[in-house]
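Q: I would like a close look at a single part of this model, taken residue by residue and then set in its surroundings. Please keep the account plain.

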Amino acid sequence: MDNDNANIARVAFCVGVVAAVLQGRRRNRRRLWSREWLSRRYAAGSMNLLYRELETEDPESFTNFLRMDNNNFRELLELVSPLISKRDTILRECISAKHRLAVTLRFLATGESYKSLQYSTRIAHNTISLFVPQVCRAIYEVLKENFLKMPRSVEEWKEIAREFQEKWNFPNCIGALDGKHIHFRSSRADGSFYFNYKGSHSIVLLALVDARYKFLYIDVGVNGRVSDGGVFRESTLAEALRQNSLHIPPNIALPGRVLGVPHVIVADDAFPLQHNIMKPYPDRGLSLQKRNFNYRLSRARRTSENAFGILANRFRILLNCINLSVEKVEIVTLACIVLHNFLRSKKDANYLPQGLVDRVMSDGRVIPGVWREGPILDGQLVRQGGNRHNNDARAIRDEFCEYFVTDGILPLGNGM
């Protein structure tokens, strides 16, 4: 009898456990597939405003909204659609490629959070968080081949040098090199790996820029603890310069001079002085001639700083501390860069109005070479260049210095 009672108790207990589990499952079951107000995205919200009003009534505001005009938007949509399009199912209608691209461009243009975009676009924030990185990657994949490439011939390098001479009065210059920190919110698991000397977490964007603010080469993803010079030293650009595999034009004398000098990249004090890299003279006991050289080099070098300024002003996600994983921060940065080059190549006046150029320029003031003390790693200071200046590089810099006060002197009033 006692055994029967024990068995009955066990069965009752098991039935009670199963009932509790099933009740909990019913309680946690999603009540709605989607909130009702989200389903009205095609009848209201910013996407409705964009397509039904701005596109036809106010093209200038359409351009400001997406950072590109309707023609460029449609061209980009045609390129990325095969990579981002989804199919409708019997359960729900998919978000169109047009919507996915527009929301992503708005995210890059404003830096709004996914939660904020949810209320303006009527697309759930968790859905936005899934497709934005996918669209950014698609943008990079379809544009990188034509809009982010190094010159591949001597003639292409010569064209860049000609533009630097015409616009910035610096002959034999084939690019301006600089680095920019892309700040983001690092996870606890990363510890201090991405912690930089500015007191925040970041990755470094190293870029080579031409005279028209277009990016020729980029290196993204090195942790912010490493200096610009350290990033360059380990980059494929530095390796290509060492191997002499970039098809850079041969040495040629500066205008009016006799001594042949190489084509050079201009950079700041964070980088090493090398055969193909010119940096300012150290800011100690400078003669008037050396100060003039530093000024002329800074005028050419600031194209890289201006390009960073234009990029961040048009795609303001880069002005914020990005609340994404480091892998997603990298692809967002890459997407912004290829979009920048895409729109610069289209000569979109709305993308780069003169007023914006005036704000990112320095109004004729010298941008001096700045010594940036490196971060401390394992108790030791990370050196900026790491390479001792060789006699050839110093002689090349001295030749430029002499040219700028003789044959290459600027007439009064041509400081810009």
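Which helices do the buried residues of helix 3 pack against?

A: This is a predicted model. In it, the buried residues of helix 3 pack against helix 2, helix 4 (70–84) and helix 5.

The buried set of helix 3 consists of F62, T63, F65 and L66. Viewed down the axis of helix 3, these residues fall within an arc of 160 degrees, so they line one face of the helix. As a general point, an α-helix has 3.6 residues a turn, so residues three or four places apart point the same way.

Of these neighbours, helix 5 can be described in some detail. Helix 3 (residues 59–66) packs with helix 5 at an angle of about 75 degrees, and their axes are 7 Å apart. Because angles of 65 to 115 degrees count as roughly perpendicular, helix 3 is roughly perpendicular to helix 5. On the helix 3 side the contact is made by N64, F65 and L66, and on the helix 5 side by A102, L105, R106 and A109. F65 and L66 thus appear both in the buried set of helix 3 and in the contact with helix 5. Just after helix 3 comes R67, with a positive phi of about 70 degrees.

Helix 6 (residues 114–121) can be set beside this. The buried residues there are Y114, L117, Q118 and T121. Seen down the axis of helix 6, they fall within an arc of 110 degrees, so they too line one face of their helix. These residues pack against helix 2 (46–57), helix 5 (97–110) and helix 7 (125–147). Helix 2 and helix 5 are therefore among the partners of the buried residues of helix 3 and also among those of helix 6. Helix 6 is followed by R122, whose phi is positive, near 65 degrees.

L105, part of the helix 5 contact with helix 3, is also touched by I139. Leaving aside residues up to four places away in sequence, I139 touches V80, L101, L105, A335, V338 and L339. Both I139 and L101 are listed, with L108, F215 and F400, as having the most contacts inside the largest nonpolar core, which has 117 residues. The largest share of this core, 12 residues, comes from helix 12 (residues 326–345).

On cysteines, the structure holds zero disulfides. C173 is buried, with a relative accessible area of 0%, and C401 is buried at 6%.

Definitions and conventions:
Residues are numbered from 1 along each chain as its sequence is written. This is a predicted model: local features need pLDDT of at least 70, side-chain atom pairs count only at pLDDT 80 or more; totals for chains, interfaces and linings use all residues. Side-chain values use heavy atoms; hydrogens and water are left out. A nonpolar core is a set of buried Ala, Val, Leu, Ile, Met, Phe, Trp, Tyr and Cys residues joined through side-chain atoms within 4.5 Å. Buried means under 20% relative accessible area, exposed over 50%, partly exposed in between (1.4 Å probe, protein chains only). Helices (H or I, at least four residues) and strands (E, at least two) are DSSP runs, numbered from the N terminus. Contact means heavy atoms within 4.5 Å. The arc is that of the directions from the helix axis to the C-beta atoms. A disulfide is a pair of cysteine sulfur atoms within 2.5 Å. Axes are lines fitted to C-alpha atoms, for helices over the stretch in contact, and angles run from 0 to 180 degrees between N-to-C directions. Angles under 35 degrees count as roughly parallel, over 145 as roughly antiparallel, 65 to 115 as roughly perpendicular and the rest as oblique.
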